[in-house]
Amino acid sequence: MKRLILVPVLTMASSLCATAADEVAKAPPAAPYQQVSKLVKLPDFLPGMGQLFVDPATLPAGPFLAYDHDGKLVSTIYMLPTKDLNPDKSFDHLAVPGGNVDHVDVYYNAGHPGVEEPHVHIVLWHVAAADEASVAK
């Protein structure tokens with residue numbers, strides 16, 4: 001009996017994840033996401049990252065949704081302040097609205113408009129490494 005109940009639950013959960021990913025698959029994503037370049041002084045398209053959207057209520061961590069020139073979601077980015085990477089702070093249950101993750105990059109950033117303090121970028125790529133070129137320029 002437990003197995004019969006578990007199958008529909010897993011199927012529904014999988015469907016909900018797929019639906020959430022579909023909702024952000026193309027730019028612009030629905031509210032509460034806003035275009036980052038309209039919130040802070042940044043270009044509309046950042047080489048290496050793409051066109052960014054974020055829910056301002058989730059700053060500074062994000063998630064930031066990154067789109068290529070064709071409006072396709074390529075990555076979800078978190079920007080975690082280095083001062084908060086300590087035993088007293090945690091970032092739990094960060095959303096991954098973009099669905100499947102192919103690979104992850106992590107790198108340091110000294111700060112930029114919108115997240116001025118030093119922070120770490122955690123980039124969840126939804127495309128293969130070869131397809132990262134779609135946001136290179």
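His 93 lies in the loop between β4 and β5. The strands and helices named here are DSSP runs numbered from the N terminus, with at least four residues for a helix (H or I) and at least two for a strand (E). His 93 counts as exposed because its relative accessible area is 81%. For these labels, buried means under 20% relative accessible area, exposed means over 50%, and partly exposed is in between (1.4 Å probe, protein chains only). The backbone of His 93 has a phi near 55°, a positive value in a residue other than glycine. Most residues other than glycine have a negative phi, and most peptide bonds are trans.

Before going on, a word on what you're looking at. This is a predicted model, where local features need pLDDT of at least 70 and side-chain atom pairs count only at pLDDT 80 or more, while totals for chains, interfaces and linings use all residues. Residues are numbered from 1 along each chain as its sequence is written, and side-chain values use heavy atoms, leaving out hydrogens and water.

**The overall plan**

The protein has two helices and six strands. Walk along the sequence and you meet them in the pattern α-β-α-β-β-β-β-β. Of its 137 residues, 37% are buried. The accessible surface comes to about 8,200 Å², and carbon and sulfur atoms own 61% of that (areas come from the Shrake-Rupley method with a 1.4 Å probe; for residues, only the protein chains shown count as cover). Among contacts with a separation of 6 or more, 52% are between residues 24 or more positions apart; contact here means heavy atoms within 4.5 Å.

**The sheet**

How are the six strands ordered in the sheet? They form an open sheet that reads β1-β2-β3-β4-β6-β5, with antiparallel pairing. Two strands pair if DSSP finds at least two bridges between them. The edge strands, each pairing on one side only, are β1 (34–35) and β5.

Here are three of the strand pairs, each with one residue match you can look up:

| Strand pair | Bridges | Residue match |
|---|---|---|
| β1 and β2, antiparallel | two | Gln 34 with Val 54 |
| β2 and β3, antiparallel | four | Leu 52 with Ala 66 |
| β5 and β6, antiparallel | seven | Asn 109 with His 119 |

Have a closer look at β2. Gln 51 and Phe 53 point one way from this strand, while Leu 52 and Val 54 point the other way, and all are buried.

**A pair of rings**

A pair of aromatic rings is described by the distance of the centres and the angle of the planes. Searching the whole structure turns up one aromatic pair. Phe 53 and Tyr 67 make up this pair, with 5.5 Å from centre to centre and 90° between the planes, so it goes down as edge-to-face (ring centres of Phe, Tyr or Trp, with its six-membered ring, lie within 6.5 Å; planes under 30 degrees apart are stacked, over 60 edge-to-face, the rest tilted). The two rings link distant parts of the chain: Phe 53 belongs to strand β2 (residues 51–54) and Tyr 67 to strand β3 (residues 64–67), 14 residues apart. Both Phe 53 and Tyr 67 are buried.

**Charges**

Lys 89 lies over the face of Phe 91, 5.4 Å from the ring centre. A charge sits over a ring if NZ of Lys or CZ of Arg is within 6 Å of the ring centre and within 35 degrees of the ring normal.

The whole structure also holds one salt bridge, meaning a side-chain nitrogen of Lys or Arg within 4 Å of a carboxyl oxygen of Asp or Glu. Lys 83 and Asp 84 form it, and their closest N and O atoms are 3.5 Å apart. Which partner is buried and which is exposed? Lys 83 is exposed because its relative accessibility is 54%, whereas Asp 84 is buried because its relative accessible area is 17%.

**Loops with something to show**

Two cis peptide bonds are worth finding. One joins Ala 27 and Pro 28, with omega about -5°, and Pro 28 sits in the loop between α1 (2–23) and β1. Another joins Leu 59 and Pro 60, with omega about 5°; Pro 60 is in the loop between β2 and β3.

Finally, try Val 101, in the loop between β4 (73–81) and β5 (103–109). Val 101 counts as partly exposed because its relative accessibility is 37%. Leaving aside residues up to four places away in sequence, Val 101 touches Val 96, Leu 124, Trp 125 and His 126. From Val 101 to Ala 128 is 27 residues in sequence and 9.0 Å in space, C-alpha to C-alpha.
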